[in-house]
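Here are some short exercises to work through with the model open beside you. Try each task before reading its solution.

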Amino acid sequence: MAMITQQYFLTQITTKLGKIEMGIDKILEFLYGDKKAELIAEVTFTKFAMKNYSSVMTREAQKTATIQSLQNGKKVAMKDIEFYMNELSRVTKGKENVDILLDKACRVKECLELSIQLYVMNMLLEVYYAENFDSEYLKYIENEATMYISKCEKHILSKFSELRILIAKHKDTLLKKLDQDALLEKINDVMAAYEDGSESEISKTLHKYLEFPKTLTDYYISSVGDVYMKKAQQPV
């Protein structure tokens, strides 16, 4: 029963982590740089671990191997996060026209967000596979992840703020004219998710799905043997 419930929750998590839920073809549309193959491989494995949780959990050897792969995947995601944060800094200091810089920055941001979601999903899957719901352990990993996510989001906000200043200062020439309003609107759309000072959606998702497995679930068995799970308040 616990495995079925946890499989249900894992399925729900992907609706909160939109880039992980994307098809590989959609991810390839925005992947940037030499990390493409690495990220695709890790996303593919993470999806496998999520969708086959109930089956893998009944096979001890495969369960152990999956936990090890998830731990490694978390490390890979962190390395990719650092790579794309550095890449975002590099791109925003480029010498190209500011509209080109913005297009590149947006692609890097998409890759960075995918890497962050991959990091969070691997962390959650490791918890669910290991079934380690010790409160101190969960508190520790949540605090570590929340601080890391915050660092990444502040970096995105800072670099797009720099681009906004560049665009605002831009002076058209005979050879190069920009639609500054359109470019500023594009930047404002990116920054809106990071600059209101509240807890980000991915941090909220991490918290909710670390808390939820600790709650009790009621099951009901009918007179003919059918099993029903009491509808619980789902994480939002």
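**Exercise 1.** Find which residues gather in a patch of negative charge on the surface, and decide whether D189 is buried or exposed.

*Solution.* Begin with the acidic side chains: D179, D181, E185 and D189 come together as a negatively charged surface patch. Next, place D189 in the fold: this residue belongs to helix α9, which covers residues 180-192. Finally, check its accessibility. Exposed means over 50% relative accessible area, and D189 has 55%, so D189 counts as exposed. Keep in mind that you are looking at a predicted model.

**Exercise 2.** Locate E131, then work out what is notable about its phi and how accessible the residue is.

*Solution.* First the location: E131 sits in the loop that links α7 (98-130) and α8 (135-169). Then the backbone: its phi is near 50 degrees, a positive value in a residue other than glycine. Last, the surface: the relative accessible area of E131 is 35%, and partly exposed lies between the 20% and 50% limits, so E131 is partly exposed.

**Exercise 3.** Describe the protein chain as a whole: its elements, their order, its contacts and its surface.

*Solution.* Start by counting: the chain has 10 helices and 2 strands. Reading from the N terminus, the order is α-α-α-α-α-α-α-α-α-α-β-β. Now turn to contacts: of those between residues at least 6 apart in sequence, 77% join residues at least 24 apart. For burial, 43% of the 236 residues count as buried. To finish, the chain exposes about 12800 Å², with carbon and sulfur atoms supplying 54% of that area.

Definitions and conventions. Residues are numbered from 1 along each chain as its sequence is written. This is a predicted model: local features need pLDDT of at least 70, side-chain atom pairs count only at pLDDT 80 or more; totals for chains, interfaces and linings use all residues. Side-chain values use heavy atoms; hydrogens and water are left out. Patches are made of residues with over 30% relative accessible area and no salt bridge: like charges are joined within 9 Å, nonpolar side chains (Val, Leu, Ile, Met, Phe, Trp, Tyr) within 5 Å. Accessible areas come from the Shrake-Rupley method with a 1.4 Å probe; for residues, only the protein chains shown count as cover. A salt bridge is a side-chain nitrogen of Lys or Arg within 4 Å of a carboxyl oxygen of Asp or Glu. Lys and Arg count as positive and Asp and Glu as negative; His and the chain ends are not counted. The place of a charge is taken as NZ of Lys, CZ of Arg, CG of Asp or CD of Glu. Helices (H or I, at least four residues) and strands (E, at least two) are DSSP runs, numbered from the N terminus. Buried means under 20% relative accessible area, exposed over 50%, partly exposed in between (1.4 Å probe, protein chains only). Contact means heavy atoms within 4.5 Å.
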